[in-house]
Each structure stands twice: as C-alpha cells, then as structure tokens.
Amino acid sequence: MKRQGWLQGLRRVRGAQQAWLDWARAALPAELGAALVNVVQKGPELTVLTVSAAWCARVRYAMAALEPRLREYAPDIVKVSVRVSPAGR
C-alpha cells in the first residue's frame with residue numbers, strides 16, 4: 001500500500017474534505033453547521049452534504065449568502081451545490 005501511494009492520496013483527499021467541512025461549519029450559524037455531513041470539492045464545484053432535506057434548503061440559502069466569503073477563501077469555486085447525504089454515510 002505504501003509503495004503504491006493510494007493511501008496517501010486518500011489521506012490528502014480526506015484532509016481537503018475535512019478542511020472544507022471545518023470552514024463551512026465555522027462560517028455558518030451553529031445550528032446549520034451541525035447539519036452538515038461533508039463538503040466535497042470536485043474541480044470548480046463544491047458539494048455540501050446535509051443530514052436531511054429540511055436542513056438542505058436552509059443550508060442552501062445560507063451558502064448563497066456566504067458567497068463573498070467563499071470567493072475570498074477559494075476563488076476557483078464557480079458552483080456550490082447543497083444536497084442531502086445518501087443514507088448510511
């Protein structure tokens with residue numbers, strides 16, 4: 001595993017997801033931040049995963065309001081999607 005390096009790549013990806021999750025939880029009000037499951041960046045798109053559809057709608061509006069702060073943090077992000085996390089994650 002160490003020779004192939006895939007484990008290190010996995011750690012790097014998980015670290016990036018955790019950094020985004022920490023940023024989003026700090027930027028959002030506490031009750032909304034607690035509803036986040038994960039935040040994943042794929043290229044210029046950021047996907048925010050929430051615990052339920054009810055929280056999804058609230059987080060979507062809050063993320064839209066955070067757009068200026070998001071642009072400062074990561075100018076390469078051009079689209080933000082907020083979705084419900086699949087069951088079992």
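This is a short walk through one chain, from its overall layout to a hairpin, one glutamine and one helix. The model is predicted.

I'll start with the layout. The chain has 4 helices and 3 strands. Read from the N terminus, the order is α-α-β-β-α-α-β. There are 89 residues, and 35% of them count as buried. About 5900 Å² of the chain is exposed, with 57% of that supplied by carbon and sulfur atoms. If we take the contacts with a separation of 6 or more, 56% of them come from residues 24 or more positions apart.

Now the hairpin. Strand β1 covers residues 36–42 and strand β2 covers residues 45–50; the two run antiparallel and are joined by 6 bridges. To pick out one pairing, Asn-38 has Leu-49 in β2 as its bridge partner. Between the strands of this hairpin there are 2 residues, and Gly-43 takes a positive phi near 65 degrees.

Next, a residue to look at in detail: Gln-41, which lies in strand β1. Is Gln-41 buried or exposed? Neither fully: its relative accessible area is 32%, and because buried requires under 20% and exposed over 50%, Gln-41 counts as partly exposed.

Which residues does Gln-41 touch, leaving aside its neighbours within four places in sequence? They are Trp-20, Leu-46, Asp-76 and Ile-77. With Asp-76, there is a polar contact between the two side chains, at 3.3 Å. The side chain of Gln-41 also reaches the backbone oxygen of Gly-43, at 3.0 Å; that is the Gly-43 with the positive phi in the hairpin. Then there is Gln-17, 24 residues away along the chain, whose C-alpha atom is separated from that of Gln-41 by 7.2 Å.

Last, helix α3, residues 53–65. At 1.5 Å a residue, its 13 residues should span 18 Å, and the end C-alpha atoms are 19 Å apart, which agrees.

Where do the buried residues of α3 sit around the axis? The buried ones are Cys-56, Val-59, Ala-62 and Met-63. They cover an arc of only 135 degrees around the axis, so they are on the same side of α3. As background, an α-helix has 3.6 residues a turn, so residues three or four places apart point the same way. The face of α3 turned away from the buried side carries exposed residues: Ala-53, Ala-54, Tyr-61, Ala-64 and Ala-65.

To recap: an antiparallel hairpin of β1 and β2, a partly exposed Gln-41 in β1, and a helix α3 with its buried residues on the same side.

Conventions. Residues numbered from 1 in each chain as written. Predicted model: local features only at pLDDT ≥ 70, side-chain atom pairs only at ≥ 80, totals over all residues. Heavy atoms only, no water. Buried < 20%, exposed > 50% of the residue type's maximum accessible area, 1.4 Å probe, protein only. Contact = heavy atoms within 4.5 Å. Areas by Shrake-Rupley, 256 points an atom, 1.4 Å probe, with all protein chains shown as cover. Pairing = 2+ DSSP bridges. Polar contact = N/O pair within 3.5 Å; in protein donor to acceptor, adjacent residues only side chain to side chain. Expected span 1.5 Å × (residues − 1). Arc of directions from axis to C-beta.
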